[in-house]
Amino acid sequence: MSKFTYQGSNSSMKVTGVLLVKGVETELTDEQVKALKDDYFGKAFLDDGSIVESKSENDDNTKPLSKMKVEELEAYIIENGGEFAESDNKPELLVIAQAIEDAKNDKD
């Protein structure tokens with residue numbers, strides 16, 4: 001078992017079925033660590049056991065919702081105050097995320 005603390009810009013992030021909450025130490029199995037590292041998208045694993053997100057060209061949320069992975073959709077929904085069931089699949093998450101996006105656009 002390894003302990004990691006997520007230090008990214010979002011309040012939480014779910015990757016490979018593991019919910020990482022910012023600032024909370026999470027114990028991961030060796031298999032989860034391998035899966036997390038294999039699913040690398042802009043994350044850095046630091047020597048102190050922290051996981052941080054690096055800056056990428058999509059930090060301004062320009063990536064279309066339809067191109068996001070399930071984990072990215074879940075993070076987007078959480079970051080924007082939405083809710084979803086753990087059993088929700090990608091099409092269901094897309095509907096929720098699109099509703100959030102539409103509501104944000106209506107405010108503009």
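Along strand 3, which side chains point to one face and are buried, and which point to the other and are not? Val-18 and Leu-20 are the buried pair on one face, while Leu-19 and Val-21 point to the other face and are not buried. Here, buried means under 20% relative accessible area, exposed means over 50%, and partly exposed is in between (1.4 Å probe, protein chains only).

## What you're looking at

This is a predicted model, where local features need pLDDT of at least 70 and side-chain atom pairs count only at pLDDT 80 or more, while totals for chains, interfaces and linings use all residues. Residues are numbered from 1 along each chain as its sequence is written, and side-chain values use heavy atoms, with hydrogens and water left out.

The protein has three helices and six strands, laid out along the sequence as β-β-β-β-α-β-β-α-α. Those elements are DSSP runs numbered from the N terminus: helices are H or I with at least four residues, and strands are E with at least two. Of the 108 residues, 31% are buried. The accessible surface is about 6700 Å², and carbon and sulfur atoms hold 48% of that; areas come from the Shrake-Rupley method with a 1.4 Å probe, and for residues only the protein chains shown count as cover.

Now for contacts, meaning heavy atoms within 4.5 Å. Take those with a separation of 6 or more: 43% of them involve residues 24 or more positions apart.

## Strands 2 and 3

Strand 2 (12–15) and strand 3 (18–21) run antiparallel and are joined by four bridges. Two strands pair if DSSP finds at least two bridges between them. Ser-12 sits opposite Val-21 of strand 3, and Lys-14 has Leu-19 as its bridge partner there.

In a regular strand the side chains alternate between the two faces of the sheet. Strand 2 is covered on both faces, with Ser-12 and Lys-14 buried on one side and Met-13 and Val-15 buried on the other. Over in strand 3, Leu-19 has 45% relative accessibility, so this residue counts as partly exposed. Leu-19 also joins Val-21 and Val-24 in a nonpolar surface patch of about 220 Å². Patches are built from residues with over 30% relative accessible area and no salt bridge, joining like charges within 9 Å and nonpolar side chains (Val, Leu, Ile, Met, Phe, Trp, Tyr) within 5 Å. A salt bridge puts a side-chain nitrogen of Lys or Arg within 4 Å of a carboxyl oxygen of Asp or Glu.

## The loop at Lys-22

Lys-22 is in the loop between strand 3 and strand 4 (25–28). Its relative accessibility is 42%, so Lys-22 counts as partly exposed. Setting aside neighbours within four places in sequence, Lys-22 is in contact with a run of residues that includes Tyr-6, Gly-8, Asn-10 and Ser-12. With Asn-10, the C-alpha to C-alpha distance is 7.2 Å, across 12 residues of sequence.

## Strands 1 and 4

Strand 1 (residues 2–6) and strand 4 also run antiparallel, again with four bridges. Ser-2 stands opposite Leu-28 of strand 4. Phe-4, in strand 1, is buried because its relative accessibility is 10%. Between Phe-4 and Glu-27 there are 23 positions in sequence but 6.4 Å in space, C-alpha to C-alpha.

Side chains alternate along strand 4: Thr-26 and Leu-28 are buried on one face, while Glu-25 and Glu-27 point to the other and are not buried. Thr-26 has a relative accessible area of 15%, so this residue is buried. Not counting residues up to four places away in sequence, Thr-26 touches Ser-2, Lys-3, Phe-4, Val-18, Leu-19 and Leu-20.

## Helix 2

Why is helix 2 described as largely enclosed by the rest of the structure? Because seven of its 10 residues are buried: Glu-71, Glu-72, Leu-73, Glu-74, Ala-75, Tyr-76 and Ile-77. The cover over them includes strand 2 and helix 3 (90–107).

Glu-72 belongs to this helix (residues 70–79) and counts as buried because its relative accessibility is 16%. Its side chain reaches the backbone nitrogen of Lys-69 at 2.7 Å. After helix 2 comes Gly-81, with a positive phi near 80 degrees.

Technical notes. Polar contact = N/O pair within 3.5 Å; in protein donor to acceptor, adjacent residues only side chain to side chain.
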